[in-house]
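Reader: I would like to go through this model with you. Please show me the sequence and the structure.

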Amino acid sequence: MELPDLGRLIERFDGFNYGYWMNCSCGGRSFITAHDYFIEADGAHMSCEQCGQRIRFGPAVAALRDKHDPALQDDVVTRFAWYHTSTSSDWPSPDYARRFAENLSWSDDLIGLSRKQYILNETTKALHLGTYETAIENMLRRMRDQGDGSSQFYLYRVALRPKPLRINPGYRDENHEDAANLKISDLNAENLDVVRYLNVHEATGVLSLAVRPKAIAAVQCIEIPLNELTVPIDTESFSADVARLKSARSAWVTAEAKIASIDRGTRVMMQFGARPDPGGLAKYAGELERHHQTLWYDFEARLGEQFLANVSPVIRRDFTEALACWRRENPTTGIYRFVERYAAMAALLEEPDKIQRTLRHMEWLVVHQTAA
Ligand SMILES: [Zn+2]
């Protein structure tokens, strides 16, 4: 198989502090800052810069960030370093279908699909490649939405086969055409190796690729977060916060213990006055729980300011929610360990140059694919 010039792949850097472009029905595009997007300024409405019409902004009308994005050029697509995050250490594994079938717990209640058909659907999907930022944001979403809060992730740097790859002209808009769930059979039907599409849910406004496995020539891989970038936490600077959190938790747990025999639903009704609450014990426990939660929100905001100084509020929120999932999946882990994890993960967003440099020095693994 022909390999591209692996030492000369083009890098790009978009960062994690970008604004958003929104489409208007007049065909114009308008810019909104990350701050206004985050706070949903003006009830999530803005005026079109071209025709003045009011636009309800959000993913449904997200536009390409850079009209001249270099990834629009087919010959640049094949020379870019693309990125992907996965919980598999051997992605894109030719063994994936067999392992998926082995690990699948199957219930015959799943309506309308045979086990064989389900396995085929799930194991013959196109592979997704994006910018470094897209790959990291995708990992945050998986941590948050797919039960991967404490999964080990791997970051891949991907070289595509050199031309000729069959790429769709222009790009698909995820809002109007299927891109995220393409199967290899879809690519076959359209005689394509690569479908270029606009991201509207993560790394909004940049282009990603859905590719057939054999479009991938080689990959480099590291475990993330990167241990080398894990610096010891200055525990002294957090000691007051940690003491406050521990004390609030202890008060809440003590109050909860006094009403432990009452089920959660009844307790909520007691707190709202729908059931008698002798001594106000349920209300008091509820107040302490909310106080503890508020202290955590404040603490997370402080961590964001310290460790994600160059990250937009939108992505800071995604990151905070992803790390909260890590915390929920590790309930007995101490707060300092959480801060260590937070800082190590934050380095993926704050120090991408160091991450990419480490990745660039890893051995290339040539991907030997079957017919797909
Ligand atoms: Zn307009």
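Reader: Which helix lies across E5, E7 and E11?

Author: This is a predicted model, where local features need pLDDT of at least 70, side-chain atom pairs count only at pLDDT 80 or more, and totals for chains, interfaces and linings use all residues. Residues are numbered from 1 along each chain as its sequence is written, and side-chain values use heavy atoms, with hydrogens and water left out. Helices (H or I, at least four residues) and strands (E, at least two) are DSSP runs, numbered from the N terminus. The one lying across E5, E7 and E11 spans residues 352-360 and is helix H13.

Reader: Which strands stand at the edges of the open sheet E5-E7-E11-E12?

Author: Pairing in this sheet of 4 strands is antiparallel; two strands pair if DSSP finds at least two bridges between them. An edge strand has a single partner strand, so one side is left without a neighbour in the sheet. The edge strands are E5 (82-86) and E12 (365-366).

Reader: What is the bridge partner of Val158 in E11?

Author: Strand E7 (residues 153-160) pairs with strand E11 (residues 216-224) over 8 bridges, in the antiparallel sense. In E11, the partner of Val158 is Val219.

Reader: Is Cys48 buried or exposed?

Author: Cys48 (SG) is one of the protein donors of the zinc ion; donors are N, O and S atoms within 2.8 Å of the metal (3.2 Å for Na, K and Ca). Buried means under 20% relative accessible area, exposed over 50%, and partly exposed in between (1.4 Å probe, protein chains only). At a relative accessible area of 5%, Cys48 is buried.

Conventions. Contact means heavy atoms within 4.5 Å. Axes are lines fitted to C-alpha atoms, for helices over the stretch in contact, and angles run from 0 to 180 degrees between N-to-C directions.
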